[in-house]
Amino acid sequence: MRTDTPQPVRLSDYRPFPFQIETTALAFQLEPAATRVRATLAIRRSGAAAEPLFLHGERLKLISAAIDGEVLGANQYSLDGEGLTIHQVPDAFTLTTEVEIDPSANKALMGLYISGGRFCTQCEAEGFRTITFFPDRPDVLSRYTVRIEADQRFAHLLSNGNLVESGELDDGRHFAVWNDPFPKPAYLFALVAGELDVLEDRFTTMSGREVALKVFVDPGQAPRAAYALDSLKRAMKWDEEAFGREYDLDLFMIVAVRDFNFGAMENKGLNIFNSSLLLAAPETATDQDYERIESVVAHEYFHNWTGNRITCRDWFQLCLKEGLTVFRDQSFSADMRGEAVQRIKDVKALRARQFAEDAGPLAHPVRPSSYLKIDNFYTATIYEKGAELIRMLKTLLGAEIFRQSLDLYFARHDGEATTVEAFIACFADASGRDMGDFFTWYEQAGTPTVSLAHAYDEAAQALEITLAQSTAPTPGQSNKQALPIPVTIGLLDVEGQALRDSEVVLLDGPSKTVRWDGVAKTPVISALRGFSAPVNLSTDARPADRYIQFAADADLFNRWEAGQTLARALILGRTAGVPDEVGEERYADALGRALVDDASDPAFKALLLPLPSEGDLSLAVDPVDPAAIHAARDHLKARIAVHLGDLLRRLHGDLQGDGEFSPDARAAGRRALRNGCCDLLAADPHAVNVDRVVGHFQSAANMTDAMGGLSALVQIGGPPAEEALAAFHARWREEPLVLDKWFAVQARDPGEGAIGRILALTAHPDFDAGNPNRLRALVQGFSSGNPAQFHDESGAGYRFLADQILAVDGFNPMTAARLVEPLGGWRRYIPALGERMREQLQRIAGHAGLSKNVLELVSRALD
Ligand code: TRP
Ligand code: ZN
């Protein structure tokens, strides 16, 4: 363990690698505890003559190294914890290295490891260096040939590209040779070996090329891969139509693994997925799972162009591939499932994760300028805010120029490792506009606040709208510049009829006033339609205006937003000691009317039901008192449940499915609405409602309804919840993905004594902190999904989280670090809580042998 202070990596220190790795031949002798990796690299100098050759390498046992066949003597190289330096090398040569590694001991799940008895890899961002010595940086592209040898019980031997040869060897072993014709950075390398079942299909590309599609899963699970495969074909077609992007190999493979740090990985031609994002059957997966499978399958596939064909010069450019690819998968999902509904869900996620990040000590720009561990920057800011920036480019330039700009990007940078500057230059060149201002969005952290004030002159039929922006300081950035903010605005009249169509007003300085003439009636202003920019909007609208929008705004995003804004004001009014009982009734009435509006679809109505989350509400107050927020939110929820009881029970009955399950958006929307009714009814737990919720759970014919019922019962608590949890466990004990849900639903238990029950679950025989899905179900489910209990005044929730972080950091630093965030916001909480959160952060920081990953986050949180 290093004792010196780790040095940050800085964007300004970027230097090109002084060599090209023209080809890379890898030969694997797979053995669980002692795998041999021989690498043969054809290297040519491209930088200064005297430069030594440095190759990354960590936890590798060097067996031998040779240049052009000459074994290197000990004085010709040096080896440290970060890699191998060969002091003098010719201008063109072949380097051969052989190393030994131990995949069976790899619990960090980075590099080559074993999951469910199979070999698999995860190399992004810096895992390849634990497999072999190599320049493990995204700007070093090489052509790979991979030979895999293993015992035949590892029946499938897979790597990137096309299979060129395979066969049997002596001693019960066999081999396969793969060649990937596309030069790629090391982080896109992948290898899988093991017993797998495969589901196969074909896709014909727009130019008529045949592609074989193969999804590999645990033996017996192939039928559960059908939805992922179907999603893949739709994504391939969509990318051709929406972006003109065609697939480029003859084979596309996806493998599901149970132990995986993230969701999925876009390795060239061989995507690897967390099994939770691939396997689905109606009995075991919820509609939300289906939706995520569809979007993540698309996301990883879309990376083939935005990430693989065009990759990042360095890891500071991460948003170049991630923000753009998230934007692409969001657009795909919008086309599959409805634009407004998708937009609302995306904005909810953005606010829950990214706005929270921006409001705390871990705030960072979409393109950061320094880091300790790049693993810590796979954040909502890079991904989700990154996608918002792309969306704004489309809004600002229009769909046509946006598409032309991307066409230019693909044409100009195909095969390169490039930068955000080069990307933005394509937009400037295609549009003929100066995009200099826009770049500030990439470099400035924080969520801007936009305020809107208006003045209407009835006699002159003139409306003046004044917009102003400000951004609060974030760590390391005290002075904020004005950003170019597209604010889409439309007008309604007080009857809710459209008065003026949407127009994009560009707020391109600290403030701006626009004057619209010919506004014949008193307007209701519908601003930031479709959430046209990732900002907080505050306006001079009165509640009456919001009710008009809630009932009739033609922009469905803003219709939903109006309801949320009204609810937020009611809940926070109560926490501030100014409850508004009349307003609460009025809100419930308006919600009731929206629920019976035949013109809107069930999926949209389902989004109207949930009140703003506790996390969302906590972003709007300072300091945060989670218990008060929880109580006030519960109060409003119960009021609505009482007020709309008859309607909710009627809807719940009417929406009952007819048994035939379809995962499509329409059917899922009806289930979402029905489960939303069930959730609300649980907030008014008299005998009739409790019976109904129990009935909902017991008669569930699919996992969506089962989970809807179970989570409503956990909300109610007591014997009905205990019985349901026991029955659920008994039925699903052999299904890991379903058991994850069983842990997660209990993590969100809001009842008295919940912390004790959650703590006890860590000792349950099915709990396994070594599996990230299981760990996150319980620990993150609790720390992020159950704010009132997590912030229990005893501090027990904080202690529990800190204990888990320290335990997991011992073997999986990347996943441990991702648990730190809920403690990071300690400054925003009431002092009694904030102080206890800080104590736990300090306790973690003082721990001997802490990983760089966790150290970086706790130090930033404490700074
Ligand atoms: N690039 C992947 C994606 O966005 C995510 C990813 C990055 C990842 N690092 C990882 C996945 C480490 C697993 C483990 O699709
Ligand atoms: Zn991605």
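## Ligand 1 and the nonpolar core

Fifteen residues surround ligand 1, and E124, E266, E300, E322 and Y383 come nearest; a residue counts as near if one of its heavy atoms lies within 4 Å of the molecule. The model is predicted: local features need pLDDT of at least 70, side-chain atom pairs count only at pLDDT 80 or more, and totals for chains, interfaces and linings use all residues. Side-chain values rest on heavy atoms, with hydrogens and water left out, and residues are numbered from 1 along each chain as its sequence is written.

The table gives polar contacts of ligand 1, a polar contact being a pair of N or O atoms within 3.5 Å.

| Side chain | Ligand 1 atom | Distance |
|---|---|---|
| E124 | nitrogen | 2.5 Å |
| E300 | oxygen | 2.6 Å |
| E322 | nitrogen | 3.1 Å |

On its own, ligand 1 has 370 Å² of accessible area, of which the protein covers 98% (Shrake-Rupley method, 1.4 Å probe). Two or more shell residues come from each of β20 (264-265), α2 (287-302) and α3 (318-337); helices (H or I, at least four residues) and strands (E, at least two) are DSSP runs. The shell comprises seven nonpolar, three polar and five charged residues.

The largest nonpolar core (buried nonpolar residues joined through side-chain atoms within 4.5 Å; buried means under 20% relative accessible area) holds 268 residues, of which L53, F189, F423, F438, Y442, I489 and F728 touch the most other members. Helix α5 (residues 380-397) supplies the largest share of this core, nine residues. Leaving aside residues up to four places away in sequence, L53 touches F17, F19, I43, L84, T85, I86, V89, F93 and L95, where contact means heavy atoms within 4.5 Å.

Conventions
Chains are lettered from A and ligands numbered from 1 in the order in which they are written. Buried means under 20% relative accessible area, exposed over 50%, partly exposed in between (1.4 Å probe, protein chains only). A polar contact is a pair of N or O atoms within 3.5 Å; within protein, one must be able to donate a hydrogen and the other to accept it, and residues adjacent in sequence count only if both atoms are side-chain atoms. Ala, Val, Leu, Ile, Met, Phe, Trp, Tyr, Cys and Pro count as nonpolar, Asp, Glu, Lys and Arg as charged, and the others, Gly among them, as polar.
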